[in-house]
Amino acid sequence: MSRLTTAEMRGYQQICGSDGAMMVIACDQRGGMRSLLAKEPEAQAAISDQTLGDTKADIAKFLASKASCVLVDPICAVPALVDDRIIQRDTALLIGLDASGWDTSPEGYRLSKLVPGISARRVRQLGATGGKIMVYLRSDRDEANVHNIKILRQCIEDFANEDLLLVVEFLTYRFDGEDEADYKAKLPSLIVGGSKICLDCGSKVLKIPYPGTPEACAEVTRLAGDVPWAVLSAGVDHSTFLSQVEDAMRNGASGVIAGRSLWKDCISLDRSITKDRLESVAVPRLREIQAVIAAHFKGARSAGIDRGQKANA
């Protein structure tokens, strides 16, 4: 099992709160954020990178400042977040390496893409605490993952050479023509299997979809050993995500890296509306998630388990 180096551990501590749990606000979306800001494709296409950057700056200023870290993309958000002194000094910064969208192979497999020119060295130059890579995986079909595992190994090696923290995320997906009910029934095994692929590639911190059941959460924890994992929100509604966080934390997760479930109905092209709704809607949601995390970390500590430090075990 891969362990964090001293430098990586320092980065991991910084993306965690004072309780040792990850509470990262994700706003590295580009296409997905455009679709929330405008309904029509023409209007979405007209939204500039600058406008997206302004929206991400507001999320960082009004929401992420109350968490431990913000995750952004390298196209719209940085270096402005740092250069314009928007991100607070005690808010850690993760920068995503993955390009928006995916290519499709002749077989129908999703092929992940990287943002050109964004390496571990460039992430460090942008003032970040670390990076994040997302790839698509179907753990039940080896041939679907060859391209994406190659990208994953490349990024892990690059960040190891730079001795910089890298958070590894994967998403799974349904094939064209695949029965939806069959796919949903496979989800727990697909997420456990995807987690194993990432771990086998040398991942040291995981960001994964909710594994689907408490038992699958516990299996991810067993496989991960000392590697901490955070659950992502995938844009589900807040009450659903709270229940998922409860399951994940009860069964060994080390925190949350969440975006759309917190802010998807808060952002607007009118920045005054964005500010108001981030403060009145998103922050209370964040506080509820933090309360769930705190309760489970408190229970783990009282039982003699310090999951916030499991990466240093």
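# Reading a barrel, its spaces and its backbone

About 950 Å³ of space lies in the largest pocket of this predicted model.

Q: Which residues lie nearest the centre of the largest pocket, and how many residues line it?
A: Rolling a probe the size of a water molecule over the atoms reveals where empty space remains. In this structure, 38 residues line the largest pocket, and those nearest its centre are Glu169, Leu171, Leu232, Ala234 and Arg260. By residue class, the lining comprises 17 nonpolar, 11 polar and 10 charged residues.

Q: Which elements each supply at least two residues of that lining?
A: They are helix H2 (31-37), strand E6 (130-136), strand E7 (165-171), helix H8 (180-200) and strand E10 (255-258). The largest share, 4 residues, comes from H8.

Q: In what order do the strands close into a barrel?
A: Strands of a sheet pair through backbone hydrogen bonds, and the pairing is either parallel or antiparallel. Here 8 strands close into a barrel with parallel pairing, in the order E1-E2-E3-E6-E7-E8-E9-E10. From one strand to the next, the twist averages 25°.

Q: How many bridges join E6 and E7?
A: These two strands pair in the parallel sense over 7 bridges. As one case, Ile133 has Val168 in E7 as its bridge partner.

Q: Which strands does helix H1 lie across, and which does H8 lie across?
A: Helix H1 (residues 6-15) lies across strand E1 (22-26), strand E2 (69-72), strand E3 (92-96) and E7, and runs at about 65° to E7. Helix H8 lies across E7 and strand E8 (206-208), with an angle of about 150° to E7.

Q: What space lies in the largest cavity, and which residues line it?
A: The structure holds 1 cavity of 30 Å³ or more, and about 90 Å³ of space lies in the largest cavity. Its lining consists of Leu4, Glu8, Ile156, Phe159, Ala160, Leu164, Leu165, Leu166, Val168, Gly202, Ser203 and Lys204. Helix H7 (146-162) and E7 are the elements that give two or more residues to this lining. The lining residues divide into 8 nonpolar, 2 polar and 2 charged. Val168, the bridge partner of Ile133, is thus also among the residues that line the cavity.

Q: How is the aromatic pair of Tyr109 and Phe175 arranged?
A: A pair of aromatic rings is described by the distance of the centres and the angle of the planes. The structure holds 4 aromatic pairs. One of them, formed by Tyr109 and Phe175, is tilted, with 5.8 Å centre to centre and 55° between the planes. This pair links distant parts of the chain, 66 residues apart: Tyr109 is in the loop between strand E4 (103-104) and strand E5 (110-111), and Phe175 is in the loop between E7 and H8.

Q: Is the peptide bond from Val78 to Pro79 cis or trans, and is phi of Asp163 positive or negative?
A: Most residues other than glycine have a negative phi, and most peptide bonds are trans. The bond from Val78 to Pro79 is cis, with omega near 15°; Pro79 is found in the loop between E2 and helix H5 (80-83). Asp163 has a positive phi, near 55°, although this residue is not glycine. Asp163 is located in the loop between H7 and E7.

How values were computed: Residues are numbered from 1 along each chain as its sequence is written. This is a predicted model: local features need pLDDT of at least 70, side-chain atom pairs count only at pLDDT 80 or more; totals for chains, interfaces and linings use all residues. Side-chain values use heavy atoms; hydrogens and water are left out. On a 1 Å grid over the protein atoms alone, a cavity is a set of points where a 1.4 Å probe fits but cannot get out, and a pocket is an open set with protein on both sides within 12 Å along at least five of seven lines; lining residues have an atom within 4 Å of a point. Grid points are joined across faces, edges and corners, and a volume is the space filled by probe spheres set on the points. Ala, Val, Leu, Ile, Met, Phe, Trp, Tyr, Cys and Pro count as nonpolar, Asp, Glu, Lys and Arg as charged, and the others, Gly among them, as polar. Two strands pair if DSSP finds at least two bridges between them. Axes are lines fitted to C-alpha atoms, for helices over the stretch in contact, and angles run from 0 to 180 degrees between N-to-C directions. Contact means heavy atoms within 4.5 Å. Rings of Phe, Tyr and Trp (its six-membered ring) pair if their centres lie within 6.5 Å; planes under 30 degrees apart count as stacked, over 60 as edge-to-face and the rest as tilted.
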